[in-house]
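Colleague: I have the sequence and the model open. Can we go through the labels and see what each one rests on?

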Amino acid sequence: MLSYRHSYHAGNHADVLKHIVLTLCINALKEKEKPFLYLDTHSGAGRYLLQSEHAEKTGEFLSGINLIWQQSDTPELLNTYLSVLKRYNPYDNLKYYLGSPLIAKQLLREQDKLNLTELHPTDYPLLRQEFSKDKRAKVLREDGFAQLKSKLPPESRRGIILIDPSYEIKDDYHKIPKALVEAYKRFATGVYLIWYPVVSRTQTQKMIDQIVNSGIKRISQFEFSVKPDNNQKGMTASGMIVINPPWKLQEQMQTIMPWLKNILDTEKTGNYLIKELVPE
Ligand code: SAM
């Protein structure tokens, strides 16, 4: 049974990092007119009301997007991310946070396609509703990992694949390296974005090591922590593994990460990491 609901976590520091990387990658693919596929294996509901019982219960967005929303001077590289949010929040107060499918929905062009999967019985209808009039999108209540076999390579031979499970089921840590190897065999030139939490460093590092040793080339890592690793419950850091990163991404993140640290790491106990894990 799926008990994880992203509505408790929407807009936290992990979402901020994930969605900034996503917007930079989408912008990079848009530099060419040729269409591309956006495949989101674990989509969530798409839109999150920040005054909801769930969001207020954890208050996670308060130490994430809310801190960024209060800044008057933000790096230019965040313009796309913030402008997408502003369209749903035209007044100063931040009412909605947008998940990955709605961010992509606004940034993709007429020629591009979206393939979105979500299994949760409550979140799937919400997601489908968000795309009811969008002819570019397929919204399916199917297993996201299976899409990596059935939908790749895309017809356009260009694509961004976001793999963003909740890791509620520990098996996700084992499934990801295997599914990636399969997907990469079918579509070696895709831009793959894999989100990961650091709850147990050992468990996360094991998964990253398997990806690094899989034979896949061109892998980068971007990680942001608010606390040092520890043995207590809860997420101390999160990161993105990017396969085939757009050529400017590393440099862009060199500008963004110190700024993010300055704004989000309020207790000054965190850090960030930008690393090339596997070269060309
Ligand atoms: N990608 C979303 C975003 O950035 O806004 C957040 C996704 S959330 C971390 C993970 C989602 O995956 C949950 O909504 C959960 O119900 C869903 N899920 C879990 N297992 C799945 C599976 N095998 N296939 C598709 N969705 C799944």
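Colleague: Which residues does N66 touch, not counting residues up to four places away in sequence?

Modeller: N66 touches F61 and L94. Keep in mind that this is a predicted model. N66 sits in helix α3, residues 65–69.

Colleague: Why is N66 called buried?

Modeller: Its relative accessible area is 18%. Buried means under 20%. The value for N66 falls below that cut-off, so N66 is buried.

Colleague: What makes helix α5 mostly covered?

Modeller: Helix α5 spans residues 100–107, and seven of its eight residues are buried. They are S100, P101, L102, I103, A104, Q106 and L107.

Colleague: K105 is in α5 too. What does the side chain of K105 meet in a salt bridge?

Modeller: The side chain of D134, at 3.4 Å from N to O. A salt bridge needs a side-chain nitrogen of Lys or Arg within 4 Å of a carboxyl oxygen of Asp or Glu. K105 and D134 meet that rule, so the pair counts.

Colleague: Why does this pair tie parts together?

Modeller: K105 lies in helix α5, and D134 lies in the loop between α6 and β5 (137–140). The two parts are 29 residues apart in sequence, so the pair ties them together.

Colleague: Is D134 buried or exposed?

Modeller: D134 is buried, with a relative accessible area of 10%. That is under the 20% limit, so the label fits.

Colleague: How many salt bridges does the rule give?

Modeller: The count comes to 14. One of them joins E130 and R47, at 2.9 Å from N to O. E130 belongs to helix α6 (residues 123–130), while R47 belongs to strand β2 (residues 47–49). The pair links distant parts of the chain, 83 residues apart.

Colleague: Why does R47 count as partly exposed?

Modeller: R47 has 30% relative accessibility. Buried is under 20% and exposed is over 50%, with partly exposed in between. So R47 is partly exposed.

Colleague: What about K261 and D265?

Modeller: Their side chains meet in a salt bridge of 2.5 Å, N to O. D265 has 1% relative accessibility, so D265 counts as buried. Elsewhere, D15, K18 and D164 are joined into one network by salt bridges that share partners.

Colleague: On to helix packing. How are two packed helices described?

Modeller: By the angle between their axes and the distance between the axes. Helices α8 (residues 171–186) and α9 (residues 201–212) pack at about 10°, with axes 9 Å apart.

Colleague: Why are α8 and α9 called roughly parallel to each other?

Modeller: Angles under 35 degrees count as roughly parallel. Their angle is about 10°. Therefore α8 and α9 are roughly parallel. The contact uses Y173, I176, P177 and L180 of α8. From α9 come Q203, T204, M207, Q210 and I211.

Colleague: What makes the backbone at Y167 worth a remark?

Modeller: Most residues other than glycine have a negative phi. Y167 is not a glycine, yet its phi is positive, about 60°. Y167 lies in the loop between β6 and α8. It is buried at 3% relative accessible area.

Colleague: And what is phi for N244?

Modeller: Near 60°, positive in a residue other than glycine. N244 is in the loop between β9 (237–243) and α10 (249–264). With a relative accessible area of 10%, N244 is buried.

Colleague: Why is the bond from L152 to P153 called cis?

Modeller: Its omega is near 0°. Most peptide bonds are trans. P153 lies in the loop between α7 (144–150) and β6 (159–163).

Colleague: How do you know that Q232 is exposed?

Modeller: Its relative accessibility is 59%. Exposed means over 50%, so Q232 passes. Q232 lies in the loop between β8 (219–225) and β9. Q232 and S200 are 32 residues apart in sequence and 9.0 Å apart in space, C-alpha to C-alpha.

Colleague: Which residues make the nonpolar surface patch?

Modeller: L2, L119 and I169, with about 230 Å². Take L2, in the segment before α1 (13–29). L2 has a relative accessible area of 32% and is partly exposed. Patch residues need over 30%, so L2 clears that cut-off.

Conventions
Residues numbered from 1 in each chain as written. Predicted model: local features only at pLDDT ≥ 70, side-chain atom pairs only at ≥ 80, totals over all residues. Heavy atoms only, no water. Patch = residues over 30% accessible without salt bridge, like charges linked within 9 Å, V, L, I, M, F, W, Y side chains within 5 Å. Areas by Shrake-Rupley, 256 points an atom, 1.4 Å probe, with all protein chains shown as cover. Helix = DSSP H or I, 4+ residues; strand = E, 2+ residues; numbered from the N terminus. Buried < 20%, exposed > 50% of the residue type's maximum accessible area, 1.4 Å probe, protein only. Axes fitted to C-alpha atoms, helices over the stretch in contact; angles between N-to-C directions. Parallel < 35°, antiparallel > 145°, perpendicular 65-115°, else oblique. Contact = heavy atoms within 4.5 Å.
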